[in-house]
Amino acid sequence: VIDQFARGFANFLEVDHVLGRHRSASSSAWVGGPPRHENIYVKTGSHSFWYDDLEDETTRDRYLERIERLSACRVNETSDRIRGGAREMLLFVRALENRKELHLTLALHRQLTK
């Protein structure tokens, strides 16, 4: 997430690999969960899309709208965004994938308050 904020989410929807889903050889279950579509889109070393079909224009537009809204929400120390007579506060919640990400919390805070 930190690198995406630093780059303004440029190229966020570009992927390096498209993996096809397949059924397990030992059962009829889908590997990677039940698909909404047949592909998993992977950006090496960064992120992947398991449940959204990036070939669908509506899906891509929805992501672009979310990125635009998130970028518009950024509030820093010198912000003068006022709502209802008070300085607007922003709460950003990020769940960690694993404990290894815990040490990056302060780096994420610095990136969000730039």
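A residue counts as buried when its relative accessible area is under 20%, as exposed when it is over 50%, and as partly exposed in between. With that scale in mind, open the model, which is a predicted one, and follow the stops below.

**The whole chain**

Begin with the full chain in cartoon view, where three helices and five strands can be picked out, arranged along the sequence in the pattern α-β-β-β-α-β-β-α. Of the 114 residues, 24% count as buried. If you turn on the surface, the accessible area comes to about 8,600 Å², and 54% of that area belongs to carbon and sulfur atoms. Among the contacts with a separation of 6 or more, 40% are between residues 24 or more positions apart.

**Arg7 and Asp3**

Next select Arg7 and Asp3, whose side chains meet in a salt bridge with an N to O distance of 3.4 Å. Arg7 has a relative accessible area of 44%, and is therefore partly exposed; Asp3, at 33%, is likewise classed as partly exposed.

**Asp52 and Arg62**

The count of salt bridges comes to two, so select Asp52 and Arg62 for another such pair, in which the closest N and O atoms are 3.6 Å apart. This pair links distant parts of the chain, since Asp52 sits in the loop between β3 (47-49) and α2 (57-73) while Arg62 belongs to helix α2, 10 residues apart. Asp52 is buried, with a relative accessible area of 15%, whereas Arg62, at 33%, counts as partly exposed.

**Strands β1, β2 and β3**

Now select residues 39-43, which form strand β2, and note that five of its five residues are buried. Asn39, Tyr41 and Lys43 point one way from the strand, and Ile40 and Val42 point the other way. In a regular strand the side chains alternate between the two faces of the sheet.

Adding residues 17-20 brings in strand β1, which pairs with β2 in the antiparallel sense over four bridges; here Leu19 stands opposite Ile40. Then add β3, which pairs with β2, also in the antiparallel sense, over three bridges, with Tyr41 standing opposite Phe49. In the hairpin of β2 and β3, three residues lie between the strands, and Gly45 takes a positive phi near 75 degrees.

**The largest nonpolar core**

Which residues make up the largest nonpolar core? Select Phe5, Phe9, Phe12, Leu13, Tyr41, Phe49, Leu54, Tyr63, Ile67, Leu108 and Leu112, 11 residues in all. Helices α2 and α3 each supply at least two residues of this core. Tyr41 and Phe49, the facing pair of the β2 and β3 hairpin, are both members of the core. In soluble globular proteins, nonpolar side chains tend to be buried together.

Within this selection, centre the view on Phe12, which touches Gln4, His47, Phe49, Tyr63 and Ile67, if residues up to four places away in sequence are not counted.

**Helix α3**

Finish at residues 105-112, helix α3, where the buried residues are Leu108, Gln111 and Leu112. These residues lie on the same side of α3 because they cover an arc of only 95 degrees around its axis. The buried residues of α3 pack against α1 (2-6), and two of them, Leu108 and Leu112, also belong to the largest nonpolar core. Rotate to the face turned away from the buried side, and the exposed residues Leu106 and Arg110 come into view.

How values were computed
Residues are numbered from 1 along each chain as its sequence is written. This is a predicted model: local features need pLDDT of at least 70, side-chain atom pairs count only at pLDDT 80 or more; totals for chains, interfaces and linings use all residues. Side-chain values use heavy atoms; hydrogens and water are left out. Buried means under 20% relative accessible area, exposed over 50%, partly exposed in between (1.4 Å probe, protein chains only). The arc is that of the directions from the helix axis to the C-beta atoms. Contact means heavy atoms within 4.5 Å. A salt bridge is a side-chain nitrogen of Lys or Arg within 4 Å of a carboxyl oxygen of Asp or Glu. A nonpolar core is a set of buried Ala, Val, Leu, Ile, Met, Phe, Trp, Tyr and Cys residues joined through side-chain atoms within 4.5 Å. Two strands pair if DSSP finds at least two bridges between them. Accessible areas come from the Shrake-Rupley method with a 1.4 Å probe; for residues, only the protein chains shown count as cover.
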